[in-house]
Amino acid sequence: MTPRRARTSKSSKRSASRGSVTAETAAMLPALMVVLAAALWAIQAVGVQLECVDAARMAARAAARGEPLDQVRAFTQTATRPNAQVAITRGAELTKVEITVEVRPSWGESLPAVRVSATATAATEQ
């Protein structure tokens with residue numbers, strides 16, 4: 001009879017822990033979703049940063065060549081985001097373009113925005 005008791009106690013231990021992995025996963029799932037959402041938001045912000053860097057470079061070159069600043073500003077906003085703030089400074093030697101964009105996740109409009117900016121400088125052509 002002793003071997004039977006050992007077997008029964010083993011099976012009762014197994015049934016006591018049965019389903020605990022499912023319960024732990026269900027308790028952890030909301031935290032995992034928050035981490036995933038934050039990671040996707042960070043990836044979106046990095047993508048917008050790269051857009052701003054490319055647009056600032058193109059705008060600095062165009063403004064340094066002597067193209068009208070209004071046209072350069074409009075083209076830059078088209079290349080980045082409609083809510084982009086573009087500041088162009090054309091000097092005798094250098095032309096500087098600064099682009100600033102507020103990034104919000106598309107799934108969370110009530111969340112605070114992350115400010116992304118890029119600056120590019122080019123030598124002004126005579």
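This report describes a long helix, the sheet it packs on and the salt bridges of a predicted model.

**Helix α2**

Helix α2 runs over residues 20–65, and its 46 residues reach 68 Å from the first C-alpha to the last, which is close to the 68 Å expected at 1.5 Å a residue. The helix nevertheless bends by about 40° at Leu29, and a proline, Pro30, follows within four residues of that position. Just after α2, Gly66 takes a positive phi of about 105°.

The buried residues of α2 are Ala37, Trp41, Ala45, Val48, Cys52, Ala55, Ala56, Ala59, Ala60, Ala62, Ala63 and Ala64. Several of these positions, including Ala37, Trp41, Ala45, Val48 and Cys52, are listed as buried, and a general property of helices bears on such a pattern. An α-helix has 3.6 residues a turn, so residues three or four places apart point the same way. The partners against which the buried residues of α2 pack are α3 (69–79), β1 (85–90), β2 (94–103) and β3 (114–123).

**The sheet and the helices on it**

Three strands form an open sheet in the order β1-β2-β3, with antiparallel pairing. The edge strands are β1 and β3, each of which pairs on one side only, and the twist averages 10° from one strand to the next. Between β2 and β3, which run antiparallel, there are 10 bridges, and Glu98 stands opposite Thr119 in β3.

Helix α2 packs on this sheet and touches β1, β2 and β3, its direction making about 25° with that of β3. Helix α3 also packs on the sheet, where α3 touches β1 and β2, and the direction of α3 makes about 145° with that of β1.

**Salt bridges**

Side chains of opposite charge can pair when their charged atoms come close. A search of the whole structure finds 4 salt bridges, and the table gives three pairs among them with their closest N and O atoms.

| Pair | Closest N and O atoms |
|---|---|
| Arg81 and Glu51 | 3.4 Å |
| Asp70 and Arg73 | 3.5 Å |
| Glu102 and Arg115 | 2.6 Å |

Arg81 forms a salt bridge with Glu51, and this pair links distant parts of the chain, with Arg81 in the loop between α3 and β1 and Glu51 in helix α2, 30 residues apart. Arg81 counts as partly exposed because its relative accessibility is 27%, and Glu51, with a relative accessible area of 31%, is likewise partly exposed.

The salt bridge of Asp70 with Arg73 stays within one element, since both residues lie in helix α3, 3 residues apart, which is about one turn of the helix. Asp70 is exposed, with a relative accessible area of 62%, whereas Arg73 is partly exposed at 26%.

Glu102 forms a salt bridge with Arg115, the closest N and O atoms being 2.6 Å apart. Glu102 lies in strand β2 and Arg115 in strand β3, so this pair ties together parts that are 13 residues apart in sequence. Glu102 is partly exposed, with a relative accessible area of 34%, while Arg115 is exposed, with a relative accessible area of 56%. The strands that hold this pair, β2 and β3, are also those joined by 10 bridges.

Conventions. Residues are numbered from 1 along each chain as its sequence is written. This is a predicted model: local features need pLDDT of at least 70, side-chain atom pairs count only at pLDDT 80 or more; totals for chains, interfaces and linings use all residues. Side-chain values use heavy atoms; hydrogens and water are left out. Helices (H or I, at least four residues) and strands (E, at least two) are DSSP runs, numbered from the N terminus. The expected span of a helix is 1.5 Å times one less than its number of residues. The bend at a residue is the angle between axes fitted to the seven residues ending there and the seven starting there. Buried means under 20% relative accessible area, exposed over 50%, partly exposed in between (1.4 Å probe, protein chains only). Contact means heavy atoms within 4.5 Å. Two strands pair if DSSP finds at least two bridges between them. Axes are lines fitted to C-alpha atoms, for helices over the stretch in contact, and angles run from 0 to 180 degrees between N-to-C directions. A salt bridge is a side-chain nitrogen of Lys or Arg within 4 Å of a carboxyl oxygen of Asp or Glu.
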